[in-house]
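Got your viewer open? Let's take a walk through this one together, from the overall fold down to the empty spaces inside.

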Amino acid sequence: MTAAAASRARLKMAVPPAPRWGANMQMLRRHNSAAFDYWTENSDSNIWEHCGLFEGDIMLHRELLRNGLLNERQTWPEAVVPFYIDPQDFTVNQTMIILKAFKEYHERSCIRFRPYEEDDKHWLLIKGNYSGCWSSVGRRQGGQVLNLNTPKCVTHGVVVHELLHALGFYHQQSATERDEYVKINWENILDGHAHNFNKYARTHITNFGVEYDYQSVMHYSALAFSRNGKPTIEPLDPYAALGQRRGLSDKDISKLNEMYEQDCGSFNGFGLGGYLNELLDYFEGNLADLFG
Ligand SMILES: [Zn+2]
């Protein structure tokens, strides 16, 4: 056994089989890389708005398109998300950024990420070598990819955002009640992109009784899908700013904990918070073993 394999074994980092829900290459081919490539940290838009998928960064699959994806939201049993970060795709520092996003969830919600173990029936395979930043919405049986194209997608805010999709959330401005909070400027939207501003009926999504959140990490920027540099979304509250990329907002946390309330109640003293810290320490101290 090599040193790397021994390290993985000690951390129970089993390697998952190919996921059932990988990259839908037909969707990825629509990706216009120019807007993605031009994007910088100083841009007013969010990078995940430029990934060419449904609403920017939601990966759809043929089966779900046919059946109507909105009924397919699935939560993760016991609020536990098995993960595998493909070591081929990320540097040590990038891996740390992903782990620290997990940590924010551990510290602020009842969600627990843990390394994939053999026999897991569902897991997140975190990849970095497809174009764009993207995820499916909710859990899928048989493994699913969450892609964080390096280096642009590997920032704290983007990782937190994509994980929230994987946990079952759509973008904030899709909310049923959004027209009470924002105005959509249809005339400023790129041709053929109006569908990205759909709102969903209450039969498909719920706000869990939490008020609309301008500060959600899931909110589009004011310039999302703009064809002319003018706002496509304007807050009705003149003092509100749309979205941010620092991390989970307080209301993001409230909704997440509501969505997972029953699952969270079912485990006690799982100790995964401690486990994650151990993993972080381990990565910091033994990176050469894992990535050598
Ligand atoms: Zn998104």
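What follows goes from the whole chain to the annotated residues, and then to the cavities and pockets.

First, keep in mind that this is a predicted model. Its secondary structure adds up to ten helices and seven strands. Of the 292 residues in the protein, 55% are buried. As for how the chain is wired together, take the contacts with a separation of 6 or more: 77% of them are between residues 24 or more positions apart.

Now to the annotations. Which residue does UniProt list for "active site"? According to that unreviewed entry, Glu162. You'll find Glu162 in helix 6, which covers residues 156-167. Is Glu162 buried or exposed? Its relative accessibility is 0%, so Glu162 counts as buried. Setting aside neighbours within four places in sequence, Glu162 has contacts with Trp48, Asp57, Cys133, Trp134, Ser135, Leu146 and Leu148.

The unreviewed UniProt entry also has a "binding site" annotation, and that one covers His161, His165 and His171. Among these residues, His171 belongs to the lining of the largest cavity, a space we'll get to in a moment. His165, for its part, sits in helix 6. With a relative accessible area of 0%, His165 is buried. Once residues up to four places away in sequence are left out, His165 touches Asp57, Ile58, Ser135, Ser136, Val137, Gly138, Tyr170, His171 and Met218. Try displaying Glu162 and His165 together: Asp57 and Ser135 turn up in the contact lists of both.

On to the empty space. Rolling a probe the size of a water molecule over the atoms shows where such space is left. How many cavities of 30 Å³ or more are there? The count comes to three. The largest cavity has a volume of about 250 Å³. It is lined by 20 residues, and those closest to its centre are Phe169, Tyr170, His171, Thr206 and Lys255. Two of those names should ring a bell, since Tyr170 and His171 are also contacts of His165. By class, the lining of the largest cavity splits into eight nonpolar, seven polar and five charged residues.

Which element gives the largest share of that lining? Helix 7 (residues 250-259) does, with three residues. Within helix 7, the residues Asp252, Ile253, Lys255, Leu256 and Met259 are buried. These buried residues lie on the same side of helix 7, because they cover an arc of only 165 degrees around the axis. There's a simple rule behind patterns like this: an α-helix has 3.6 residues a turn, so residues three or four places apart point the same way.

Finally, the open spaces. The largest pocket has a volume of about 470 Å³. Its lining takes in 23 residues, with Glu49, Gly52, Leu190, His193 and Phe225 closest to the centre. Sorted by class, the lining of the largest pocket has ten nonpolar, ten polar and three charged residues.

The second largest pocket comes in at about 200 Å³. To locate the second largest pocket, select its lining residues: Ser43, Asp44, Asn46, Ser221, Ala222, Leu223, Leu242, Gly243, Gln244 and Arg245. By class, that lining has three nonpolar, five polar and two charged residues.

Definitions and conventions:
Residues numbered from 1 in each chain as written. Predicted model: local features only at pLDDT ≥ 70, side-chain atom pairs only at ≥ 80, totals over all residues. Heavy atoms only, no water. UniProt positions renumbered as here; feature names shortened; annotations may be inferred. Helix = DSSP H or I, 4+ residues; strand = E, 2+ residues; numbered from the N terminus. Buried < 20%, exposed > 50% of the residue type's maximum accessible area, 1.4 Å probe, protein only. Contact = heavy atoms within 4.5 Å. 1 Å grid on protein atoms, 1.4 Å probe; cavity = no way out; pocket = protein on both sides within 12 Å on 5 of 7 lines; lining within 4 Å. Points joined across faces, edges and corners; volume = space filled by probe spheres on them. Nonpolar A, V, L, I, M, F, W, Y, C, P; charged D, E, K, R; others polar. Arc of directions from axis to C-beta.
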